[in-house]
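Here is a short report on a two-chain model. Keep the sequence and the 3D view open as you read.

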Amino acid sequence: MRESVVHIHPAGPLLALVGNPNCGKTALFNRLTGSRQKVANYAGVTVERKEGRLKTAAGKLLRVLDLPGTYSLYPRSPDERVTVDVLAGRAQGEKRPDLIVCVLDATNLRRNLRLFLSVQRQGLPCVVALNMADLAQRRGIVVDTEKLGALLGVPVIRTVATDGEGIDDLRALLDEPERWRQGSVPPEGEDTARINHILKELGLDTLQGELPSDKVDRFVLHPVLGPILLAVLLFFLFQAVFAWAEAPMGWIEAGTAWLGEQAGALLPEGHLRSLVVDGLIAGVGGVLVFLPQILILFFFILILEESGYLPRAAFLLDRLMGSVGLSGRSFIPLLSSFACAIPGIMATRSIANPRDRLVTILIAPLMTCSARLPVYALLIGAFIPRRELWGGIELQGLVLFVLYFAGIISAMAVAWLLKRFTDAGRQVRPLMMELPSYHWPHARNVAIGLLQRAEIFIKRVGGVILALTLLLWVLSTFPGAPEGATGPAIEYSFAGYLGRGLATIFEPIGFNWQISLALVPGMAAREIAVSALGTVYSLSATGDEAAQALTPLIASTWGLPTAFSLLAWFVFAPQCLSTIAAVKRETGGYKIPAIMLGYLFALAYAASWLTFHISRWLLT
Amino acid sequence: MSAVLSVPTLAQAAIGQAHRVKALQAPAHAPEWKQMLEELGFVAGEHVAVLARAMPGADPLVVRIGQSTFALRRAEAACVELEHTSTGGLTAAAGTGPAGTGAAHA
């Protein structure tokens, strides 16, 4: 891929998996490589470069690439282009594969064979994994693999990636030296006739009758029941994020407190102890505590994705998205953005139309990412009473839902404005989206996906967030208070001056200097704002107050309008640096990230100003 | 609507009625749709049927093409010209499912 800088290729032959989207390629990749895989950066849904290692039956180690799914070798979207470039040996920093494993979905042979023939025409040695063979069989599609192999002129292995069938045969096949030599190349332009012939020979030239999936779809895609189900699912998801995460969050909090005490007892009083306890442990703990919520959210998204529900949701939302100039396809990147805008922005690579892709990138940060949850959780916990409304709905959960909803509504508004007032916005763009059959999510695939996301989040904690928390500690500790100072030490530090400077900008929207100060590191990654508030307050507090947790502290020192205003700010919150970096890389310039930063800042400021003044007027 | 057009297209096909694709005809403003649909399997001779239509405006549609299922907008389905005669019903799909009733004659 373009961002790859390592041009020295590890020794050993390279294998590449190629196939249509939804052919079970990633499941096969997981089977072949197990945990021996490397995902570069953020893993969207196979839009990222996934490499793994595979051991053949004879014990030879091979490198395996999981190429993005594609319908043809005429790329229309950036992730399809990656596949085409790698196959042609044009991809920068990427070795041309030595062998292609073409993964064919046995339930969709006609379409899959078209891709196979064009891959074979690339002149690389090929073998075929006829995947989802069990599903095909259950639908009465029995493919004679011997015959298919003879017709195609390459070996065909029957595989069921989800339960491991055929994997050993595939491993054994890779040990045969003749597989690595190029076979025949099919002639140009006869694909349709050739495929018709193959399907007739195999007795598969039929229309698929009713499937179990169709029965499910009668309900899921029902014009009235379908959208209701979708709304219920999303509402349940957000309630679960709050309710289920409570216990593990308590454990992490207790663990952090314990660690802080231990370290505090070991270290002598002074700057070092303050750095370790107040800066390091409190900072990392304050962010790690949100890992359970993020994992629960990702868990649900992975389940919906694995089961095949996400494209249905896109179908249901197509009219709605169409009304603001997008297609249902934008739904998946936007839903991923609820976890984090970065995988969402990367997932936009699967949107073929450049204009739709750009708009989706621009509004993705308005989806409430999990990094904002810590801020919401803190403010809701401090200002919204714990109360049960009718039907067991929690008031705090309801407020959270409203905040998420505000983000969605403003995203729609921005997209609508872009549709209404730009030329490209008025053109019609196609939907053409596959609805794969439903299947039960596989624990293994969900677990691998969840682990990859947890790793990414923790890496962020370990890197950017830690560095900034420490920087903030330095800013708020030095220079120390002068002799005979009456106020808390932080008022005399660099941070105190910086915060007061910013407070003049933010005062009209109700932020005090502590909040203004916390927003600075919050720009680097929004969840830092919480640990920054912790640092600012625990350092500025004196006496008994220092022992108090942040929640009751802000509940007593901030007014309600300030809290609402800060919540409104975070609905739009100008981007974290990692998101800006991702947008810059995906759009290839500084123009779009600059536009994004500008418009989000303006929106955030306006919304907070309105919220602050309206709520102050209502409350007095 | 179907009376105006001489060639039936997928956009007007009754739910659950199996047809064969005759040809693809992309609109002038989006000529690339022809190739896109071909890649997805909408090629002459392939079996095709409409499974469901979404509620307001019967748009988008759920379409079975050969062994796969796709969501197409109405305008996209209108590119797919069909052979005049239906090749029969899709097994059990012409029944009384909630998605199959109301929208069938839309």
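A residue counts as buried if 20 or more other C-beta atoms lie within 10 Å of its own, and as exposed if 12 or fewer do. By that rule, buried residues make up 49% of the 106 residues in chain B. In chain A, 46% of the 620 residues count as buried. The model is predicted.

**The two chains**

The table sets out both chains.

| Chain | Item | Value |
|---|---|---|
| A | Helices and strands | 27 helices, eight strands |
| B | Helices and strands | three helices, six strands |
| A | Share of contacts at least 6 apart in sequence that join residues at least 24 apart | 71% |
| B | Share of contacts at least 6 apart in sequence that join residues at least 24 apart | 65% |

Read from the N terminus, the elements of chain B run β-α-β-β-β-α-β-β-α.

**The core**

Where does the largest nonpolar core lie with respect to domain 1 and domain 2 of chain A? The core itself has 180 residues. Those with the most contacts inside it include Leu17(A), Cys102(A), Val128(A) and Tyr376(A). Leu567(A) and Val63(B) also belong to that group. Domain 1 (14-202) and domain 2 (452-619) of chain A both give residues to this core, so it lies between them. In soluble globular proteins, nonpolar side chains tend to be buried together.

Tyr376(A) has contacts with Leu400(A), Leu403(A), Leu567(A) and Phe570(A), leaving aside residues up to four places away in sequence. Leu567(A) is thus named twice: as a partner of Tyr376(A), and among the core residues with the most contacts.

**Around strand β6(A)**

Val128(A), another of those core residues, sits in strand β6(A), residues 126-131. This strand is mostly covered, with six of its six residues buried. Cys126(A), Val128(A) and Leu130(A) point one way. Val127(A), Ala129(A) and Asn131(A) point the other way.

Strand β6(A) has two parallel pairings. With β5(A), residues 99-105, it forms six bridges. With β7(A), residues 156-158, it forms three bridges. Leu130(A) appears in both: Leu104(A) stands opposite it on one side, and Arg158(A) in β7(A) is opposite it as well. β5(A), α3(A) and β6(A) together make a right-handed β-α-β unit.

**Where the chains meet**

The contact takes 33 residues from chain A and 41 residues from chain B. On the chain A side, the elements that give two or more residues are α3 (109-120), α7 (191-202), α8 (212-220), α14 (318-323) and β8 (433-434). Helix α3(A) gives the largest share, four residues. By class, that side has 14 nonpolar, nine polar and 10 charged residues.

Strand β8(A) also pairs across the contact. Two bridges join it to β4(B), residues 68-72, and the strands run antiparallel. Glu434(A) has Phe70(B) as its bridge partner.

**Two unusual backbone angles**

Which residue just ahead of β8(A) deserves a look, in the loop between α19 (395-421) and β8 of chain A? That loop holds Met432(A). Met432(A) has a positive phi of about 40°, although it is not a glycine. Met432(A) counts as buried because it has 23 C-beta neighbours inside 10 Å.

Asn22(A) also has a positive phi, about 60°, and is not a glycine. Its place is the loop between β1 (14-19) and α1 (25-33) of chain A. Asn22(A) is partly exposed, with 19 other C-beta atoms within 10 Å.

Terms used: Residues numbered from 1 in each chain as written. Chains lettered and ligands numbered in written order. Predicted model: local features only at pLDDT ≥ 70, side-chain atom pairs only at ≥ 80, totals over all residues. Core = buried A, V, L, I, M, F, W, Y, C linked by C-beta atoms within 7 Å. Domains from an automatic or database assignment. Contact = placed C-beta atoms within 7 Å. Nonpolar A, V, L, I, M, F, W, Y, C, P; charged D, E, K, R; others polar. Pairing = 2+ DSSP bridges. Right-handed = clockwise from strand over helix to strand, strands pointing away.
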